[in-house]
Amino acid sequence: MRLKRLHIRYYPPGIFLDYEKGGQLRTKSIDLLNLTPETDVNELLSDIRAAEPLITSSCVEQVKVLICKLQEKVGQKDDRKFYLFRALQAHILPLTNVAFNKSGSSFITGSYDRTCKIWDTASGEELHTLEGHRNVVDKVATGSFDKTCKLWSAETGKCFYTFRGHTAEIVCLAFNPQSTLVATGSMDTMAKLWDVESGKEVSTLAGHFAEIISLSFNTTGDRLVTGSFDHTAILWDVSTGSKVHVLTGHRGEISCVQFNWDCSLIVTASLDKTCKVWDADSGQCLATLLGHNDEVLDVCFNYTGQLIATASADGTSRVFSAETFQCLCQLEGHKGEISKVCFNPQGSRVLTASVDKTACVWCVNTGACLQVLEGHSDEIFSCAFNYEGDTIITGSKDNTCRIWH
């Protein structure tokens, strides 16, 4: 093995190693999820050297420089205020979803008008309209109530493939981290895996008894978790399409499932007013997150996987420690149910979207509402930070999408 190149990953903190093995170029990463401004760099460096044979004396100084850069980024003060940059009359009918691409340079909107549109974040200009679904386009770029999933070129707006095989509406979908597979979840109780290169179905994941409402790949792409209205989540082996664990214990429909970054934990949200945290290896329930007095509609980890945020129909959001499972703060101020919650990449802010027509930015440490993003004339159902954490998009039933800088 020969190291070719080192490069940095800011969120979550880490270093990529490009190396050659058997004539092939490969990449691995060193995750520095616990890095703080106070971390002893020399101590960390010696730990890395002991664990990673590719880090030899010849590149130690370069690694040290990268760690110091990451420390600087982690320690940056975040007192940003967001201001409305553009309000886009995106579609003729209400939006169903908004999402950024990985870099945040563009974002996509889906709508009941059966189209998706790709937008340039910096200018607010429409780049492409993706048309072709015969029923409502429900999820980012491709999933639809016409039972198909379409794969598009974000550069040209051309449709590469139409994935057919589900017998009912597609409700959720996700790319694996390598972008080689698409997973779809449907009201037909099945999930399916599709090959991005060939457009062919790879496997059908059968095991739920009610519609699949949420799914998520882990970071390495070898596991998929699906959440269903049958009150269970199922962990699947992606390569074989077989069940690894059935996660049982919720007393209501699952609304959301997600892995943490290092693939060790799964969190599930449920209409039973709780979230549960599961050990991804054993399938055991580690904790039940209590406190909400109505359905939990969304849940997410922060980028490093150390925090969990919940969103509830009771109009509040909560932040929990993923290590102690204690509630760290309650985010109170919305006047209606919260349907979406997410962290900024730095993990210092939480963004919530509510039926009260506002989105709120919260301080993770204190639980204080730092800013209310107002202007939509109907409920906000979707919100997201870009990769740098300096831009927000909100999508509303008022048919508009707003960009906030």
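**Exercise 1.** Leaving aside its neighbours within four places in sequence, which residues is T316 in contact with?

*Solution.* The model is a predicted one, in which local features need pLDDT of at least 70, side-chain atom pairs count only at pLDDT 80 or more, and totals for chains, interfaces and linings use all residues. Residues are numbered from 1 along each chain as its sequence is written, and side-chain values use heavy atoms, with hydrogens and water left out.

Step 1. Locate T316 in strand 25, residues 316-321; helices (H or I, at least four residues) and strands (E, at least two) are DSSP runs numbered from the N terminus.

Step 2. Apply the contact criterion, heavy atoms within 4.5 Å. With the sequence neighbours within four places set aside, the partners of T316 are H292, T310, A311, L331, E332 and I338.

Step 3. Consider accessibility. T316 has 14% relative accessibility and therefore counts as buried (buried is under 20% relative accessible area, exposed over 50%, partly exposed in between, with a 1.4 Å probe and protein chains only).

**Exercise 2.** Determine how the buried residues of helix 2 are arranged.

*Solution.*

Step 1. List the buried residues of helix 2: V60, V63, L66, I67, L70, Q71 and K73.

Step 2. View the helix down its axis. The buried residues of helix 2 fall within an arc of 160°, so they line one face; the arc is that of the directions from the helix axis to the C-beta atoms.

Step 3. Identify the packing partners and the opposite face. The buried residues pack against strand 1 (2-9), strand 2 (14-21) and helix 1 (41-51), whereas E61 and E72 are exposed on the face turned away from the buried side.

**Exercise 3.** Describe the backbone features of three loop residues, P12, S179 and F325.

*Solution.*

Step 1. P12 belongs to the loop between strand 1 and strand 2. The peptide bond that joins Y11 and P12 is cis, with omega about -15°.

Step 2. S179, in the loop between strand 11 (170-175) and strand 12 (181-186), is not a glycine, yet has a positive phi of about 60°. Its relative accessible area is 35%, so S179 is partly exposed.

Step 3. F325 lies in the loop between strand 25 and strand 26 (327-332). Its phi is positive, near 65°, in a residue other than glycine. With a relative accessible area of 22%, F325 is partly exposed.
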